[in-house]
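Biologist: I would like to learn how to read a model such as this one, feature by feature. Could you take me from the whole chain down to single residues?

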Amino acid sequence: MPFQILLNLMIALLWMMLNGNWTASGFIVGYVLGIAVLYVVRKFRPEPFYLTKVWAVLKLIVLLIRELLISSFEVMGHILRPKLEMRPGIFEYRTELSSDWEVTILSCLICLTPGTLTLEVSDDNQTLYIHALDISDVGEMSGKIRDTFEKAIMEVTRS
């Protein structure tokens, strides 16, 4: 992937040099042209096309922002209600992630979401102990983490 990015930058600079256009628009045109060239020759390179990983990272960032907004409004709703109807608790979450880096990212994403906190990670990195502000159904909350954060992390790290 770093080689493809560097090659794309070199194509953009070559385009600017050949056109004598040293502006931002000339660079953007050259960069898009470089993306097209790399996309055409991707069959001859062993590594996957680098924009697929960039797209996966962007999707993970958008997912985090969406979950932050949703959970922030849920926490505000709990604060503004005159009667607290929360069911806080701690639950065990079994993850399919294997590397330390993946589990650390998952743990940080859980902690960044208001109302949830990763308390501990087991020694084998397969179990996370999570405190949540409102647990109505542990299976539903585990499924939500698995279908959102864990799936997005796997797209970024394993593609």
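Modeller: What follows moves from the overall fold to particular residues, with each term explained where it enters. The model is predicted, so local features need pLDDT of at least 70 and side-chain atom pairs count only at pLDDT 80 or more, whereas totals for chains, interfaces and linings use all residues. Residues are numbered from 1 along each chain as its sequence is written, and side-chain values use heavy atoms, with hydrogens and water left out.

Biologist: How many helices and strands are there in the chain, and in what order do the elements run from the N terminus?

Modeller: Helices (H or I, at least four residues) and strands (E, at least two) are taken as DSSP runs and numbered from the N terminus. The chain has 5 helices and 3 strands, and their order from the N terminus is α-α-α-β-α-β-β-α.

Biologist: What radius of gyration does the chain have, set against a compact globule of 159 residues?

Modeller: The radius is taken over C-alpha atoms, and the globule rule is 2.2 Å times the number of residues to the power 0.38. By that rule a compact globule of 159 residues would be near 15 Å, but this chain has 22 Å. Along the principal axes, the C-alpha atoms fill a box of roughly 70 × 40 × 20 Å.

Biologist: What percentage of the residues in the chain is buried, and what does the accessible surface of the chain come to?

Modeller: A residue is called buried under 20% relative accessible area, exposed over 50%, and partly exposed in between, with a 1.4 Å probe and protein chains only. Buried residues make up 30% of the 159 in the chain. The areas come from the Shrake-Rupley method with a 1.4 Å probe, and for residues only the protein chains shown count as cover; the total for the chain is about 10,100 Å², of which carbon and sulfur atoms hold 69%.

Biologist: Which residues does Ile-145 contact, beyond its neighbours in sequence?

Modeller: A contact means heavy atoms within 4.5 Å. Ile-145 belongs to helix H5 (residues 138–157) and, at 9% relative accessibility, counts as buried. Leaving aside neighbours within four places in sequence, Ile-145 is in contact with Phe-91, Tyr-93, Leu-106, Ile-110, Ile-130 and Glu-150. Met-141 is also found in helix H5, but at 22% relative accessibility this residue counts as partly exposed; residues touched by Met-141, not counting those up to four places away, include Phe-91, Thr-116 and Ala-132. For the chain, among contacts between residues at least 6 apart in sequence, 65% join residues at least 24 apart.

Biologist: Where does Leu-64 lie, and which residues does Leu-64 touch?

Modeller: Leu-64 lies in helix H3 (residues 50–80) and, at 17% relative accessibility, is classed as buried. Apart from residues up to four places away in sequence, Leu-64 touches Leu-109, Leu-112 and Phe-149.

Biologist: Pro-114 is in a loop; which elements does that loop lie between?

Modeller: The loop with Pro-114 lies between helix H4 (100–112) and strand S2, and Pro-114 is partly exposed at 28% relative accessibility. With residues up to four places away in sequence set aside, Pro-114 touches Leu-68, Ser-71, Ser-72 and Val-75. Pro-114 and Ala-132 are 18 residues apart in sequence and 9.0 Å apart in space, C-alpha to C-alpha.

Biologist: What is the phi of Asn-125, and is it positive or negative?

Modeller: Most residues other than glycine have a negative phi. Asn-125 has a positive phi of about 60 degrees although it is not a glycine. This residue lies in the loop between strand S2 (116–121) and S3 and counts as buried at 15% relative accessibility. Thr-127, found in strand S3 (residues 127–132), is buried at 3% relative accessibility.

Biologist: How many disulfides does a search of the whole structure find, and why is Cys-108 not bonded to Cys-111?

Modeller: A disulfide is a pair of cysteine sulfur atoms within 2.5 Å. The search of the whole structure finds 0 disulfides. The sulfur of Cys-108 has its closest cysteine sulfur in Cys-111, but the two are not bonded because 6.5 Å is too far for a bond. Cys-108 is partly exposed at 42% relative accessibility, and Cys-111 is partly exposed at 35%.
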